[in-house]
Each structure stands twice: as structure tokens, then as C-alpha cells.
Amino acid sequence: MGSEKTLKLVLKCIDNEEFGKLYALNEEITDKEKQLVQPYFRKYKPVDFKNIMNIEGNPHGWMCKEKDVTKVEELLEITETLERQKETQKKVQQELNEKRKIKDDAMTEIEKIFNNAPRPNKFLKKLIKKADIIYDPRDSFLTDFEIGEGQLFIIEKNYIWYIINNGRKDDDYTLNNIKTTGPGAVGFRIAYDEHVHELIKIVSEENTYKGK
């Protein structure tokens, strides 16, 4: 094969009117192998389709129909079959769903804990300076601060802060108790709690704040 990639068929094009799902090989094969599978492949081009506007994907190149996938896989002795790919994708999606649920449950618990917590007036710059560690989920505060969005979790020796940027044009700035270089933020503070710290690690995936 001249490649370390695992040979497999990948979905390249979907024709919703005539050919259905069309699959292409993910790498070059030998001339001998091409002869083996040649009856099941066709070199497609846009003019071959009844309605090119109803095509999803790339309508160019050598592809086989979905009904011929199994035969091509057998002839080329493909181990990473389409069925196996689907099972892998299903497993990955299941794991992602489970991970998302864990994060969602952790965030729900965090919000309950911080609900009605004290909101002392503070300068964000000073909180950041004295923090032991700051978590910035998905870098939301770093990237969205200028548009008035983003959240931070600030961990101190004795306290944990939940900072919600509140600087969009339609936000109520009178709620802000944290002074920033923008309109401000809402900040909730609780006594340091190891369990809450662990929840924050989950929702933030331990991503730390990269700002100044």
C-alpha cells in the first residue's frame, strides 16, 4: 500500500435523489487491487447527478454504492469495515454523552451551591492576583470578555469565587459587584470546599485562565 494508514471506505457523497450514499477509499491501492474492485466503482462527476444542488459532500472521484461496500471490503480484506466504524462511532458518542452528563450534573450542583451565596464588592484584578488557581471553562472568559461574556472559578486559600461576566449591552449592570475593565461581573463567594473544587475541575476540565 505504501502507507501506514488503515485502509477503509469513507462516506464521501450523498445523493438524495438517485445513488444514495457513495463511499471512497481513504488511500491509494495497487493496480491489482483496483482490478478486483473495479466492477463496483465508478468515477463520478457532477454531471452524473440528476440534481447537483441536492448533493451532500464531494461529487467527484471513484466511489462505490452503499450496497457494494461489503463486497469491496471482502475483496480488499479491509478490517476497518464500515460496520466496525459505526460501532466505534457509537461507542465514542456514548462516552461523550456520559462525560457530558457528568459535567452537566456537576454544573447543576455548583449552581445550587452558589445560589444566594454572598456577593462582596471586589476588583477582579485583585482577586486574580491573590488566587491560588483560576479555572476558565473552554477559555470562555479569555475569549468572550470583550463581548461581556465568560465565566471564571477563582480558588483562594479560604474562598472559592464563581465569576460571571455581565457586560453585554442588554445586561443589567446594577447586579455587578465585581469591577473589571469592562462593565463588570457578578461574583459569588463561598468558603473553600474541597468537594466544590473537584466539581469545578470537572466542569472546567481543569482548564486554567490564561489571561493577565
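Which residues have the most contacts inside the largest nonpolar core? The points below address this and related features of the predicted model.

1. The largest nonpolar core comprises 17 residues, and I110, F114, F153, I160 and I200 are those with the most contacts inside it. At least two residues of this core come from each of α3 (82-114), β8 (151-155), β9 (159-165), β11 (185-191) and α6 (194-204). A second, separate core has 14 residues, among them I128, F145, W161 and Y209.

2. I110 belongs to helix α3. Its relative accessible area is 0%; because the cut-off for a buried residue is under 20%, I110 counts as buried. Beyond its neighbours within four places in sequence, I110 is in contact with F153, L199, I200 and V203. I110 and Y162 are 52 residues apart along the chain, yet their C-alpha atoms are separated by 9.1 Å.

3. I200, again setting aside neighbours within four places in sequence, is in contact with I110, Y135, F153, I155 and I160. The contact between I110 and I200 thus appears in the list for each residue.

4. The model also contains an open sheet of 5 strands, ordered β3-β5-β2-β1-β4 and paired in the antiparallel sense. Strands β3 (41-44) and β4 (55-57) each have a single partner strand and stand at the edges, so one side of each is left without a neighbour in the sheet. From one strand to the next, the twist averages 40°.

5. The pairing of β4 with strand β1 (residues 9-15) is antiparallel and extends over 3 bridges. Within this part of the sheet, I14 has E56 in β4 as its bridge partner.

Technical notes:
Residues are numbered from 1 along each chain as its sequence is written. This is a predicted model: local features need pLDDT of at least 70, side-chain atom pairs count only at pLDDT 80 or more; totals for chains, interfaces and linings use all residues. Side-chain values use heavy atoms; hydrogens and water are left out. Two strands pair if DSSP finds at least two bridges between them. Helices (H or I, at least four residues) and strands (E, at least two) are DSSP runs, numbered from the N terminus. Axes are lines fitted to C-alpha atoms, for helices over the stretch in contact, and angles run from 0 to 180 degrees between N-to-C directions. A nonpolar core is a set of buried Ala, Val, Leu, Ile, Met, Phe, Trp, Tyr and Cys residues joined through side-chain atoms within 4.5 Å. Buried means under 20% relative accessible area, exposed over 50%, partly exposed in between (1.4 Å probe, protein chains only). Contact means heavy atoms within 4.5 Å.
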